[in-house]
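Student: I am new to this structure and would like a close look at a single part. Please take one pair of packed helices and build outward from there.

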Amino acid sequence: MTPDWQPIEALKFIAGMLDDQLQSLHKQVGNLEQCRHRPGVLDRETVSRLQAVFGEQRDSLPIFREQLVRWLDLPLDEDQRLEINRMNAVLDQMKAAIERILSLAGNRR
């Protein structure tokens, strides 16, 4: 399936969405960290669901990254360029958080 590439006018919306996702990921990492030393808190079904959901989220990151690359090819003002660079850093943080979640979920089986 071909992604539906967005116009630069969607930058603010996508930036807000990614910021919200990053905040949620940090909360999820915190929740799983609390469960880490409590065997049996997460059942197999919950662990499988975590792995599926966050595996899909991890797999979508390259699409967001490609969107940012496409925007960088446009004539941009300085604020847009700075925001796109910030979004690249947010994607890096998201990837790290997702990998941590998957690691923590994988250790719960």
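How do H1 and H2 run relative to each other, roughly parallel or roughly antiparallel, and why?

Tutor: Start with a caution: this is a predicted model. Now the setting. The protein has 3 helices and 0 strands. Along the sequence, the pattern reads α-α-α. H1 covers residues 11-35, and H2 covers residues 44-72.

Two packed helices are described by an angle and a distance, both taken between their axes. For H1 and H2, the axes cross at roughly 150°. Angles over 145 degrees count as roughly antiparallel. H1 and H2 are therefore roughly antiparallel to each other. Their axes come within 13 Å. The crossing of H1 and H2 is left-handed.

Which residues make this contact? From H1 come Leu11, Ile14, Met17, Leu18, Gln21, Leu25, Gln28 and Leu32. From H2 come Leu50, Phe54, Gln57, Phe64 and Trp71. By class, the contact of H1 with H2 holds 10 nonpolar residues, 3 polar ones and no charged ones.

Look at Phe54 on its own. Set aside its neighbours within four places in sequence. Phe54 then touches Leu25 and Gln28. Phe54 also contacts Ile98, Ile101 and Leu102.

That leads to the third helix, H3, residues 78-106. H1 and H3 pack at about 25°, with axes 9 Å apart. Angles under 35 degrees count as roughly parallel. H1 and H3 are therefore roughly parallel to each other. The crossing of H1 and H3 is left-handed. The contact of H1 with H3 has 16 nonpolar, 5 polar and 5 charged residues.

Now the core. The largest nonpolar core has 30 residues. Leu18, Leu25, Phe54, Trp71, Ile84, Leu91 and Met94 touch the most other members. H1, H2 and H3 each supply at least two residues of this core. H3 gives the most, with 11 residues. Some names return here: Leu18, Leu25, Phe54 and Trp71 belong to the contact of H1 with H2.

Finally, step back to the whole protein. Of its 109 residues, 33% count as buried. The C-alpha trace spans about 55 × 30 × 15 Å along its principal axes. Take the contacts with a separation of 6 or more. Residues 24 or more positions apart account for 84% of them.

How values were computed. Residues numbered from 1 in each chain as written. Predicted model: local features only at pLDDT ≥ 70, side-chain atom pairs only at ≥ 80, totals over all residues. Heavy atoms only, no water. Axes fitted to C-alpha atoms, helices over the stretch in contact; angles between N-to-C directions. Helix = DSSP H or I, 4+ residues; strand = E, 2+ residues; numbered from the N terminus. Parallel < 35°, antiparallel > 145°, perpendicular 65-115°, else oblique. Left-handed = near helix turned anticlockwise from the far one by under 90°. Contact = heavy atoms within 4.5 Å. Nonpolar A, V, L, I, M, F, W, Y, C, P; charged D, E, K, R; others polar. Core = buried A, V, L, I, M, F, W, Y, C linked by side-chain atoms within 4.5 Å. Buried < 20%, exposed > 50% of the residue type's maximum accessible area, 1.4 Å probe, protein only.
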